[in-house]
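User: I am new to this structure and would like to understand the terms used to describe it. Please explain on what grounds each description rests.

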Amino acid sequence: MEAALATFEGDRPILVVSHFDADGLTAAAILIRALRHAGKDAGPVVMGKGESPWDPDVGARLAELRPGGLIVADLGTRADPVLPGCPTLVIDHHVPTGEPEGAVTISGNGLDPEPTSALLAWWAAGALGDQADLLWLAAVGLIGDMAEGLDFPEIAEAQTRWGKTALRDATSLVNAPRRTAAADAGPALRLLLASDGPKRITKGDDADALALQAAKAEVRAATEVAKRVPPAIGGDVALISLNSPCQIHPLVAQQWRGRLKDKIVIAANAGYRPGWVHFAARSASGRDLIAFLAQHRPENADGRYGNGHAQATGGALRNADWNGFIRGLGFPQAQVDA
């Protein structure tokens, strides 16, 4: 991290650009809090529903802020720069699709066990001083992405200090807003930036804490409806077709993964964003899902397609591209209006 900060322009702000799930938000909170404590001017830019930092309009937004440096957390590792000419630090644990030229990269991909972006951020922030009081944020990020098989001494230390139940409950709440129809992660991030532990999130009664409770209820209700949708089976693939404004397709795919252990489970949501089908792919079979999606990649698919992890990936396709993709998998009945 010191090497990256040395390239940043000190008289301009540092922008921390992150994903809006628990891992991305806690990574951003750790970095911003550590940078501010070290006397740096740092602020967040969280991706919204369907957004990517490589989108031209997002790049234009970032450029208007005239940052002295970017930290891109939990959004993937690509060859293309997010903001050409701006010094950049990439912190990520997903399978990279390229090496960003001129950027400093901190990657957890391929390590065993694999650290999440939040834990990588906490390790990196140690270059700015002791970050022991922020360890609970790294734990929330770890739990958010890897609820099972957490084999890190940091998680045990955090559970001893802040409580296992409190950390898990806080993770569930922090993850909830990004799954709602509005997908507003603002309340979660504000709490992560201001709180001294998870109980401020789980026991709080301010507007942001109540917003997280309401978000969790909204997602729970949408998931209850979606989990009753039966899968269509075709060869190695099980397809669950959904139509919800909430981002519940990853939850549904994960639930069916355990019941259809020999299948590639794809939960596809045509209602999440107009004009697009967002989908999550999961498998308990050991199949490399990124390789599977690469084999079936539509010609017009962009960087939203086929990223993540070998057994947990997905993407988003415009309706017409989705129709070609799903016909190719043997599900012509799952086409949508283009």
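User: Which residue in β9 is the bridge partner of alanine 267?

Analyst: The partner of alanine 267 is alanine 280, which lies in β9. Please note that this is a predicted model. Between β8 and β9 (residues 276–283) there are 7 bridges, and the two strands run antiparallel.

User: What makes β8 and β9 count as paired strands?

Analyst: Pairing requires at least two bridges between the strands. β8 and β9 are joined by 7 bridges, so they meet that requirement.

User: What is the order of the strands in the open sheet of 6 strands, and what is the pairing?

Analyst: The order is β6-β7-β8-β9-β11-β10, and the pairing is mixed. β6 (232–234) and β10 (307–309) are the edge strands, as each of them pairs on one side only. On average, neighbouring strands of this sheet are turned by 20° against each other, direction ignored. Helix α13 (residues 319–328) packs on this sheet and touches β7 (237–242), β8, β9 and β11 (312–318). The direction of α13 makes about 125° with that of β11.

User: Why does isoleucine 266 count as buried?

Analyst: A residue is buried when its relative accessible area is under 20%. Isoleucine 266 has 0% relative accessibility, so it counts as buried. This residue is found in strand β8 (residues 264–273).

User: Which residues is isoleucine 266 in contact with, leaving aside its neighbours within four places in sequence?

Analyst: The contacts of isoleucine 266 are Val237, Ala238, Leu239, Ile240, Phe279, Ala280, Ala281 and Leu329, with neighbours within four places in sequence left aside. As for asparagine 307, it is 41 residues apart from isoleucine 266 in sequence, and the two are 14 Å apart in space, C-alpha to C-alpha.

User: Let us turn to the other sheet. Why is one side of β2 and of β5 left without a neighbour in the sheet?

Analyst: This open sheet has 5 strands in the order β2-β1-β3-β4-β5, with parallel pairing. β2 and β5 (104–107) stand at its edges and have a single partner strand each, so one side of each is left without a neighbour in the sheet. Neighbouring strands here are turned by 15° against each other on average, direction ignored.

User: How do you know that β3 is paired with β1 and with β4?

Analyst: At least two bridges are required for a pair. β1 and β3 pair in the parallel sense over 5 bridges, and 4 bridges join β3 (residues 69–73) to β4 (residues 88–92), again running parallel. Both counts therefore satisfy the requirement. Among the positions involved, valine 17 has valine 72 of β3 as its bridge partner. Towards β4, leucine 70 stands opposite threonine 88, and isoleucine 71 stands opposite leucine 89.

User: Why is β3 described as largely enclosed by the rest of the structure?

Analyst: The reason is that 5 of the 5 residues of β3 are buried. On one side these are Gly69, Ile71 and Ala73, and on the other Leu70 and Val72, so that both faces are covered.

User: What puts the buried residues of α3 on the same side of that helix?

Analyst: In α3 (residues 56–64), the buried residues are Val58, Gly59 and Leu62. They cover an arc of only 100° around the axis, which puts them on the same side of α3. These buried residues pack against β1 (14–18) and β2 (42–46), while Pro56 and Glu64, on the other side of the helix, are exposed.

User: Why is α4 called roughly antiparallel to α5, whereas α8 and α10 are called oblique?

Analyst: Angles over 145 degrees count as roughly antiparallel. α4 (residues 117–125) and α5 (residues 135–145) pack at about 155°, with their axes 7 Å apart. That angle makes α4 roughly antiparallel to α5. Ala118, Leu119 and Trp122 in α4 meet Leu135, Leu137, Ala138, Gly141 and Leu142 in α5.

For α8 (residues 186–194) and α10 (residues 207–226), the angle is about 130° and the axes are 9 Å apart. An angle of about 130° falls in none of the parallel, antiparallel or perpendicular ranges, and the two helices are therefore oblique to each other. Their crossing is left-handed. The contact involves Pro187, Ala188, Arg190 and Leu191 of α8 and Asp208, Ala209, Ala211 and Leu212 of α10.

How values were computed
Residues are numbered from 1 along each chain as its sequence is written. This is a predicted model: local features need pLDDT of at least 70, side-chain atom pairs count only at pLDDT 80 or more; totals for chains, interfaces and linings use all residues. Side-chain values use heavy atoms; hydrogens and water are left out. Buried means under 20% relative accessible area, exposed over 50%, partly exposed in between (1.4 Å probe, protein chains only). The arc is that of the directions from the helix axis to the C-beta atoms. Contact means heavy atoms within 4.5 Å. Axes are lines fitted to C-alpha atoms, for helices over the stretch in contact, and angles run from 0 to 180 degrees between N-to-C directions. Angles under 35 degrees count as roughly parallel, over 145 as roughly antiparallel, 65 to 115 as roughly perpendicular and the rest as oblique. A crossing is left-handed if the near helix is turned anticlockwise from the far one by less than a right angle, and right-handed if clockwise.
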